[in-house]
Amino acid sequence: MNCVRKLLLARELSAGRGILRQAAPGRDLPWLQESSCAQGFWPVPVRSIRSGAALSRSDLVPSARGDKEKDRGSRDGALVPFDELFERACKGDRNKASFSRAVELFCQRDIRRRGHIEFINAALRKMPEFGVERELDVYNKILDVFPKEVFVPRNFIQRMFNYYPRQQECGIHVLEQMENYGIMPNKQTKFLLLQIFGEKSHPVRKYQRLMYWFPKFKHANPYPVPAALLQDPVDLARFSLQRIAADLSAKVTVYQMPLTDILDDGKEITQLHIVGIQSPDQQELLARHNPARPVFVEGPFPLWLKKTCVYYYILRGEPLPPEEKEEVIDSERNFYYPMQLDLDLDRDLWDNEEFYVDEVEEGPVFAMCMAGAGDQATLAKWILGLQQTNPILSQTPVVFHLTPGPRELQVDLDSESGEEEIPQSWHAKQEL
Amino acid sequence: MSGLSLLLRAARAAFPPGARQLRTGGLRSAYAKELFLGKLRKEEVFPYPEISNEELEEINQFVGPVEKFFSEEVDSTKIDQDAKIPPETLKGLKSLGLFGMQVPEEYGGLGLSNTMYARLGEITSLDASIAVTLAAHQAIGLKGILMAGTDEQKAKYLPKLASGEHIAAFCLTEPGSGSDAASIQSRATMSEDGKSFLLNGSKIWISNGGLADIFTVFARTEVVDKDGAKKDKISAFIVERAFGGVTNGKPEDKLGIRGSNTCEVHFENTKVPVENVIGEVGGGFKVAMNILNSGRFSMGSASAGMIKKLIEMTAEYACTRKQFNKKLSDFGLIQEKFTLMAVKAYVMESMAYLTAGMMDRPGVPDCSVEAAMVKVFSSEGAWICVSEALQVLGGLGYMKDYPYERYLRDSRILLIFEGTNEILRMYIALTGMQYAGKILTGKIKYVLTTC
């Protein structure tokens, strides 16, 4: 281990000497040649040390192989240093293999891994483009870019003074990206971090924190959305309606399956799916609803499942005014104990009833549905389907309060057409 | 707070002692309810209500023959096996006058006070089926007539009921209404001439349903409010089997109290004359509440009697059986079991007689909360103690040759009938809080208006 350390130290020193020498580039001075002779004993080939005007470490990476000269030439202090490296490695196909190839390219290029911090930061930025942000072995590969054991503090002074702070920050960035995407690190990550930064370093501490909290959070959600979401729209609608309903006895009915019919005269009729859900409690509520009062079909409301957004519509009634609320419990309702304690406790000066926006009373929701299209005709078909199990709907007036739904933002410069943008629901409401 | 009670005490002291009987209750014997206000009414419980010497002698006279009867002529094992009480046993009970213990003497009963009734309950509980048959007959079956009946009704029905010629039953439970008794569906519609009701409905799990001739039935009647609105209220009726239309199903096969006859009773267009309404039409709620609340306290003494007998039998076994060269009674855990049984029996007994004593005081005291407390504690205590007694005997306790398994099965029903323990717990809590709440809000109002 000692000889490896000495090798690394020697390399460092020579690299440091290279930084200090800001003199004419490319000139081999005699004393440098001496050291290179000294280094000649080492089996590794000597690399010429160049000192450049810019302090950026990427410039200081010596070219061992001449065919890489043209790579250096293109990279002359560009603001995004390693972008072309990734461009070149992917050759048009952005996937895990090309990303790993890019990382390997960087690692092979220089044993000192100069510019590794910039490279790692660039790699972390590029991961979403290549689609590898949720792959743990890619993160381990990125961590592998760090030179090992160089950044491990060896005495108490080094330990006190935040040894190699930029590298530690870079390690923390890697772990932070892992945390943001919710990827649990594994043993290899731990081994790598320990090897690179040593114990009691910031990245290792962050790793420990990750490993404390992530197992707790992993199974914290009692209703997790599966990673592989269903593709079939009817199945997806059924799954999301059951998620919204949260009543295990609710029944899902498919009122219409999606199909495309081609009639005899060549006309195409496309039918979109209509999937509805209603629980027995909701059915009872609807049966007790007063048919003189209207029920409203409202929608679409968005429901986000990881990255997909589905829209659902609800059938609801208005909350009853306080006079019509049937809350009076007969004093003779229960033989055994008083169901209501009739103590008139007055509110005191400081017990005022404030208005809480979150606790506004809403009317009952009778049923919900998801449909392929959000127009009145499709939803009317849903209501027709509901009528079979809730005959009271045939006598109740149904009012449709439909917002136009999700659409692209229209940047209209014309003020006249701005009026047309008012959704139909407003007109409908005004008519009412 | 103390001002009010001082006022009340002064008011009470102002009345001559004889006038106490005019009071219709309320403040008297509100011992448990006062606990909710944080007040201990020492005069209710200290000294412990004791009966006079004459009463004591009277009771001892009764206790002797009854104990003799139960120890000699009642074969509990046979009753449990056949699921039937033999008619000779019933006749013996009738001749002892046990069918009319609380019926006043002018109607042919024994006219016992609550304390004496509780004392005899201790003995009858040795056979649970007989105890339940007697309780269903008198504690709930004829209590309605006794408490809320008119003099004609009492004169007509009580003599035969007290002698045991007719047996009474209490019909409230329906398939859809157990604890939710106010949701019964049986209906009594007034006939056109307004002289009788037509009763329609079916009741389940009626004790004595197969033997009874007189039923206290609860049904819905249409009442016209003083505002003119029509409402459905519950009324109580005395229905004789002779009215016709009364059928009962076959006796149910039960886990315990197998000797008691429990069956369904169906009423089909039974004609009930208007005179047979207990209380008033639409006043069934009050009648039911009073009946249910009054019969509960005797469960305390019944359970205590049963546990005392069990302690006797189990102690005999524990002192003779030797394991590991030691008597069972030398083991600490076995001694703890006996301690538990003794403590529980003592508490049950004292609670039951305290409540009975409070109820026996002049006036019409309201001890419903105390009675509910007695029932809850005694039923749970009995279940645990019987289980522990069986445990002391180990494998022998499990065998049908010994009576412990019968006692265990019989004591399970104590937690369920006469108001399930859960319902009674709610009753105790809510009634107490309602009482305390009313008084405290009244005081707040007083403070706010005067200050």
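This short presentation covers a nonpolar core, a charged patch and some backbone features of the structure above.

The model is predicted, so local features need pLDDT of at least 70 and side-chain atom pairs count only at pLDDT 80 or more, while totals for chains, interfaces and linings use all residues. Residues are numbered from 1 along each chain as its sequence is written, chains are lettered from A and ligands numbered from 1 in the order in which they are written, and side-chain values use heavy atoms, with hydrogens and water left out.

I begin with chain A. The largest nonpolar core (buried Ala, Val, Leu, Ile, Met, Phe, Trp, Tyr and Cys residues joined through side-chain atoms within 4.5 Å; buried means under 20% relative accessible area, with a 1.4 Å probe and protein chains only) has 41 residues. Among the members that touch the most others are Phe86(A), Phe119(A) and Phe146(A). Helix α7(A) gives the most to this core, with eight residues; helices here are DSSP runs of H or I, at least four residues, and strands are runs of E, at least two, numbered from the N terminus.

Next, the backbone. Most residues other than glycine have a negative phi, and most peptide bonds are trans. The bond from Gly299(A) to Pro300(A), however, is cis, with omega near -20 degrees, and Pro300(A) sits in strand β5 (residues 295-305) of chain A. In chain B, the bond from Phe46(B) to Pro47(B) is also cis, with omega near 0 degrees. Pro47(B) belongs to the loop between α3 (42-45) and α4 (53-72).

Finally, Asn208(B) has a positive phi near 65 degrees. Is Asn208(B) buried or exposed? Asn208(B) counts as buried because its relative accessibility is 0%.

Technical notes. Buried means under 20% relative accessible area, exposed over 50%, partly exposed in between (1.4 Å probe, protein chains only).
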